[in-house]
Structure formats: structure tokens, C-alpha cells
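Here are a few exercises to try with the coordinates open. Have a go at each task before you read the solution.

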Amino acid sequence: PLVLTACAVGAGATTVQRCAEASTKLRLAGLITKGFAALKRQGFERRAGGAWFAQGTTGAFTGSASGFSFNKDTAYTGIVFENPDHDADDSRVLQVVSIFEANFAVVSLVCPPTDSVAYYGLAAYINTRNTPHGNFSTPLVEVSDPINSVTINTTADGTLALVVMTADRKIYDAVVDAFEAVGLDRSAANLYPIPSSLVNFYNQSSPSSFGHVDSLLFAGRATQWASDDARATYESLVFPALLMTAPAHATGDMLPIAPVRDAATGVFEQDSLLAAYDALIAAVRAAVEGAGQGYVLQSQDAFAVDRLNQTQKDKCLAGGYQPIYPYTTGFDSCDLLTTDSIYAGLLFTPPPFGSDSLYVAVGVDHKQLKHANYTSLMLTGRDALYEQDNHTVVINTLQARGSAEVFLDTAAVPEASDLWTFGFGRECPALFEGFCYAYTEDQFPADAVPFWAERAYLQPATATAPDPPEYMAITLLTFTR
């Protein structure tokens, strides 16, 4: 239910503030009701009602009830359906819907917080796959590129977007026509394709297919907030969603698999930054080893970079596939990865934390260069500690901005302002001037193994992830004493 609250907002208000206004909520509720009524007159049937809920509202979407934290910079949302016609229990556990006819549509109205976050995206994932041969897998693979901050269509004031997730373009057109007829501008409509050639749907003419359909998870990310208040307001909002099936006359134009967006821009960061990057690494090493605290460099390791593509998705869907990103996931799946981000990390298992290790990350401020809208470095532990709330640290480049200037003179190396460095250890040497995180034995015991993951979301010029060949990933320096 949408709770109407009084909220007076000025002309300079953010989208999130406008979304929280009673008038916006009333408009949204009215449109979804009128839009469905118009579709019902055409023969559409409502299979389930639901809504987009924030992580803090449901507690289940990100597994937070189990202690998972994922990326703390991100507010996660997911669609929760209330008592779908099929497999209702499963749908309440992970907000998945297990039974879809190919003539379905998930229709929702959302208020995207694009002016309050660095990244916003909505997508559908194939959560589980159960084949007639008895093979069960959890691919957690993204169906199509997300509708994101750059690509999303909204009303002129930015407060409403119609999102239609379907396998059939005729269904999409019928839904958009209906909502346009009840007052929503057609330019605010967004198609998210869920092609039947990729997703296994329920075939009514073949009852044996009932137990072998894919379950789908609907996920949203809103990352790096302008303020805690904006995030809290957004997480309190609820946006309606409906699962509908279309009559035969509104079907017949099945959507193909959408190609992954091209990421190339032709701009390679190493062309302008490599010399300064190497100089920063050398300066950090000299400072740490020369501080008189006994630290000696043990290893210097560049992160490997990769990006999700359709070939990798197909391997995940085939089942039994080893992780695409062994440095990003410990599971045989695509692990809810998105084509809107690249992922980088170590290609090998590093030694345990130990009692005296000092880690120093050196990286590029991709956000400042406008090569990514958001970048961060996550440190967590492997195995039982993986992404658990008290065992996960996320540092984004805004927190590290200015750190390179501690070690390099920008007058001599002006490119230093586009670089950063950050330390992690049981204690933080004073030379880092605050650009360091001190972790405890409870967080990362000496015998635990570290796990590093770099994320970079949304190259604004291409509306997708940065291109790995153009991207300079983090280098990790490991010191011991």
C-alpha cells in the first residue's frame, strides 16, 4: 500500500524529495490503477500484485537477514509479488517468480533517484534453472542490459518511469498505449526484454514443462548517495508492480536476445596516466619502507579486469561452469553481476591476513575523469566471511580523493590529481594522513584469507560498463614486517 504523507517541497527539490510528495504518490497510484483497468478491458489478466521494496523494507532481497552486506554504498531493491498463481512460496523467499507463460508482462511505475545517486539500474536475473534432465543450477545471470541512469526514460519532471519487462514487443506496445491513454507521457516508457530464446517459460501445451521453468529475480541498484537523508527517503518508498498475462491478440512479436552494449570509447587511460601511476607506486613504496616501521614490500599485483558478455552468460546458464570471475565470486554462477559494471581483482588466492600485513591500493579516479560514474574497492574475507556485514569494507574513490597528493607533488606530476591510494592494516601509519582503514582481529582474523573486488559502474559516454582494455585497474601492494 502507498501511504500518503504531507510533504511540501520547493522548486529546487531533488527527484527523491518529489517522489516522496503525497501528490506524486497519489498520481502514481492512480496511474497504475487506471492503466491496469484499461488493459483489463483489452483482455489482460492480473496474475499477481506486488511492489518494488528497498532492502531495509523486506530484509530478504539481498540476503540481509543472513548478514550479507554486498556493497554498502548501494541501496538494493527487488519486486515482491503477493501470492502469484504459481509457486507462491518460492516467490516470497527470494522475490522470484518461477512460472511465466511467454505472454507475460511485469509492469511497474518507479521514481528513479537519478539526481541523488552516481548509478541507478533495474534488471531481471535468471535465479534458478531446473532442466528435464534433472540438472539444477543457480546461474544468477542478468537477462538483458539494465535500464540505467543514462538510458531510463521518465516524465518531464523526472519523477515517474513506466518499466515493462516482457518477452513480446506487441505486449509492450499494448501496455504503453494503455498508460498513454490514461495520462502518462509515452516518452516515459521503458522496455526491458526477457526473450523466450534465453529464458525457459512454462508451455501450457506441454504440462511436463511445469517443473522445468526458470525462476526470475527482479533487482534494482542505487549507488553512492548524495546524502544519507536522500537514501533513507528512497528506501522508505514503495513502487507498484503487476504481473499480467496478455490475450492472444496482443501477442506475436517475440523479442530477440538484446546484444550487450558496446563499451569502447577509444580513450585509453594508460596513454596519459601510466607514468604518473608508476611514479605513485614508487613513491608509496619508498614512503612505507622508509618510515622506520619495518615494513618491506612482499608483492605488487595488478588486478585483472573483466566484463560480463553474452558468451559468459551462456556458460553460466549451461550449468556446472566454473566462476567467470574467480576473483569476484566463490560460486559456480554469474553471481548477480551486471553488464553495467566491470569487476577486477586478483587471479590467485593471496596469503592470509596475518598479524602484521599492510595493504596499499593504488588506483585511478575514473569518476573524476568521467570514465565511470562510480568506482569502489571492496575488502572482505573468503569462505565463511565472504561479504558478511562485519567482515566487509568498501572504499569508494570519493573517500580516497586527494590521497595521491600525500605522496606526489602535483606541481611536478599534475596527473596525480587523477590518482588515489588507500591503506588497509591492523594499524594505520601516520604517513597516510587518514587515507587508511584499520581493521580488527574480529573483522579479519590472522588466518583468514583476504578477498578484493574492484567495481566500476557506468561509463557515461556508452551507457554501460567501462571497456576493460581502456581501463586502468588497481594495483595492490602488500607489505609485511
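**Exercise 1. Is strand E10 mostly covered or mostly open, and how many of its five residues are buried?**

Keep in mind that this is a predicted model. Start with burial: four of the five residues in E10 are buried, so the strand counts as mostly covered. Next, look for a partner. E10 pairs with strand E9 (residues 161–166) in the parallel sense, over five bridges. To find the register, take Leu-162, which sits opposite Ala-189 in E10. Finally, trace the connection: from E9 the chain runs through helix H5 (residues 169–181) to E10, a right-handed β-α-β crossover.

**Exercise 2. Work out which face of helix H2 (residues 22–41) is buried and what it packs against.**

First, check the geometry. H2 has 20 residues and spans 29 Å from first C-alpha to last, close to the 28 Å expected at 1.5 Å a residue. Now list the buried positions: Thr-24, Lys-25, Leu-28, Leu-31, Ile-32, Gly-35, Phe-36, Ala-38 and Leu-39. Look down the axis of H2 and these buried residues fall within an arc of 165°, so they line one face. That spacing is easier to read with a reminder: an α-helix has 3.6 residues a turn, so residues three or four places apart point the same way.

Then flip to the face turned away from the buried side, where you'll find the exposed residues Ser-23, Leu-26, Thr-33, Lys-34, Lys-40 and Arg-41. As for the neighbours, the buried residues of H2 pack against helix H1 (15–19), strand E1 (45–54), E4, H5 and strand E12 (239–245). Just past the end of H2, Gly-43 has a positive phi of about 105°.

**Exercise 3. Find the aromatic pairs and say which parts of the chain two of them tie together.**

A search of the whole structure turns up 13 aromatic pairs. Take Phe-104 and Phe-201: their rings are 5.4 Å apart centre to centre, with 50° between the planes, which makes the pair tilted. Phe-104 is in strand E4 (residues 104–110) and Phe-201 is in the loop between E10 (189–193) and strand E11 (215–225), so the pair ties together parts 97 residues apart in sequence. Phe-104 counts as buried at 0% relative accessibility, and so does Phe-201 at 13%.

Now try Tyr-374 and Tyr-457, another tilted pair, at 6.0 Å and 50°. Tyr-374 belongs to strand E17 (residues 374–381) and Tyr-457 to strand E21 (residues 450–457), so this pair ties together parts 83 residues apart in sequence. Both Tyr-374 and Tyr-457 are buried.

Methods: Residues are numbered from 1 along each chain as its sequence is written. This is a predicted model: local features need pLDDT of at least 70, side-chain atom pairs count only at pLDDT 80 or more; totals for chains, interfaces and linings use all residues. Side-chain values use heavy atoms; hydrogens and water are left out. Rings of Phe, Tyr and Trp (its six-membered ring) pair if their centres lie within 6.5 Å; planes under 30 degrees apart count as stacked, over 60 as edge-to-face and the rest as tilted. Helices (H or I, at least four residues) and strands (E, at least two) are DSSP runs, numbered from the N terminus. Buried means under 20% relative accessible area, exposed over 50%, partly exposed in between (1.4 Å probe, protein chains only). Two strands pair if DSSP finds at least two bridges between them. A crossover is right-handed if, with the strands pointing away from the viewer, the path from the first strand over the helix to the second runs clockwise. The expected span of a helix is 1.5 Å times one less than its number of residues. The arc is that of the directions from the helix axis to the C-beta atoms. Contact means heavy atoms within 4.5 Å.
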